[in-house]
Amino acid sequence: MFDYKETASPLASRLRPETLDTFVGQKHLLGKGKILRQLIDQDTISSMIFWGPPGVGKTTLASIIAKRTNAEFINFSAVTSGIKEIKEVMARAERSRQMGIRTVVFVDEIHRFNKAQQDAFLPYVEKGSIILIGATTENPSFEINAALLSRCRVFVLQALSTEDLTELLHHALKSPKGFGYLNVEISEDLIHAIAGFANGDARTALNVLEMAVTNGTISAEKTTVTKDILEQCISKKSLLYDKNGEEHYNLISALHKSMRNSDPDAAVYWLARMLEAGEDPIYIARRLIRFASEDVGLADSNALPLAVSVYQACHFLGMPECNIHLTQAVIYLSLAPRSNSVYMAYEHAKKDALTMLSEPVPLVIRNAPTGLMKDLDYGKGYVYAHDTKDKIADMECLPESLAGTRYYLPQDTGEETKQKERLEEVMRWRAEQKKRRPD
């Protein structure tokens, strides 16, 4: 029976799932018949990396594996351990291997290990002394040594959905390990608001719920959590908006259209409304990257790299520090010259591509890696543009049925005037070459 003294430990710790059946989320990996589920059920795991954002279950999965496996399980922290500790654990694992005992080593935050520390694992992973399970919030392709990564299977864990978090919060309210011993009164709207605020992070959701219940209004019959209490716990009133609802889309629309209308003041206001409502800065940064090409495009070639740089800054710093980077981008994009020619070019080409799916590639620009292809005139007549005086070859690169079609129509704004001048120069050259061709 649950010891109520355990309520002194954090809610997230008390509710950590101990079986796959009580684990919330990651159905693409842990659903019936899915590969990771089978590996755990059959106790046949190999070295692997769990990659995903905070609070999605990486450490919990390792804990479940620890309970299910017949191997010795060693929990290792990349924050507190050095090469000396690694070598000691590896020597112990090697001795266990010689006695026929498997060793599973779980390394939390493995991306914090430097190259030398990661290299210390490699020989033991290679000869099977250990089964390595690493957990990381960073892209393994950049943070894990290539040699080590090539010997590990990467499983991508996704941010939990609002539905997953809502289920988890309901469980916390009912479970004797959570608040089941209390009669907590909290509306469904507030539960949904907490799930939305948590942004896919189970730990955040449970921490907020715990704070709200702890600070709730207590009577003899129940503990009541109101909107005011929740707002005080989160310290931001407007955080209680639905990130998946109408207001979410209204605000991002207002930001986008204010920038499009060259109104930096309105754009910064809507940006602040979103950020102070707990919107994910990465989501806003992605929208700015889209805007940089859709609405500014080649009129200002600095817009896209600036937007991408701001996305990276948001990833590195997070809130609240990255708010100033987003503001810089929003003001810049609001005042940048406008051109939607890139967007319109693709939309026109997409329409043709979808309705003319079988148009053949002209023989002149086909690749001819084999003799048979050369015999079929693949690449016949191809001219390497760099070998010509004007750096242009007199070739038709569109399918015959689309010859002469214009998709990119540059505008007379900002830097795009240079693109327009160059394109007109190229078109005049092509027209002149066409006149010279024999009938």
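**Exercise 1. Work out how much space the second largest pocket holds and what lines it.**

Start with the volume: the second largest pocket holds about 860 Å³ of space. Its lining has 42 residues, and P17, F23, G57, T60 and A202 are the closest to the centre. A quick note on terms: on a 1 Å grid over the protein atoms alone, a pocket is an open set of points where a 1.4 Å probe fits, with protein on both sides within 12 Å along at least five of seven lines, and lining residues have an atom within 4 Å of a point. The volume is the space filled by probe spheres set on the points, which are joined across faces, edges and corners.

Before going on, keep in mind that this is a predicted model, where local features need pLDDT of at least 70, side-chain atom pairs count only at pLDDT 80 or more, and totals for chains, interfaces and linings use all residues. Residues are numbered from 1 along each chain as its sequence is written, and side-chain values use heavy atoms, with hydrogens and water left out.

Next, the elements. At least two lining residues each come from α1 (11-14), α2 (27-30), α4 (58-68), β4 (131-136), α9 (162-174) and α11 (202-214). Helices (H or I, at least four residues) and strands (E, at least two) are DSSP runs, numbered from the N terminus.

Last, the classes: this lining splits into 14 nonpolar, 14 polar and 14 charged residues. Here Ala, Val, Leu, Ile, Met, Phe, Trp, Tyr, Cys and Pro count as nonpolar, Asp, Glu, Lys and Arg as charged, and the others, Gly among them, as polar.

**Exercise 2. Do the same for the largest pocket.**

The volume comes out at about 1500 Å³. Now look at the 45 lining residues: P53, P54, N199, D280 and I282 lie nearest the centre. Then sort by element: α7 (140-143), α10 (188-198), α15 (281-296) and α16 (303-317) each give at least two residues, and α16 has the largest share with 5. By class, the lining has 23 nonpolar, 14 polar and 8 charged residues.

**Exercise 3. Find the salt bridge partners of D119 and E432, and say how exposed each residue is.**

First the rule: a salt bridge is a side-chain nitrogen of Lys or Arg within 4 Å of a carboxyl oxygen of Asp or Glu. That gives 20 salt bridges.

D119 pairs with K115, with the closest N and O atoms 3.0 Å apart. Because they sit 4 residues apart in helix α6 (residues 115-126), about one helical turn separates them. D119 is partly exposed at 31% relative accessibility, while K115 is exposed at 55%. Buried means under 20% relative accessible area, exposed over 50%, partly exposed in between (1.4 Å probe, protein chains only).

E432 pairs with R436 at 3.6 Å between the closest N and O atoms. Both lie in helix α20 (residues 416-436), 4 residues apart, about one turn. E432 is partly exposed at 34%, and R436 is exposed at 60%.

For a bigger group, trace D21, R37, D41 and R68, which are linked in a network of salt bridges.

**Exercise 4. Count the disulfides and check C322.**

The cut-off is a pair of cysteine sulfur atoms within 2.5 Å, and the count is 0. C322 is in no disulfide, since the nearest cysteine sulfur, that of C314, is 3.7 Å away. As for its surroundings, C322 is buried at 0% relative accessibility.
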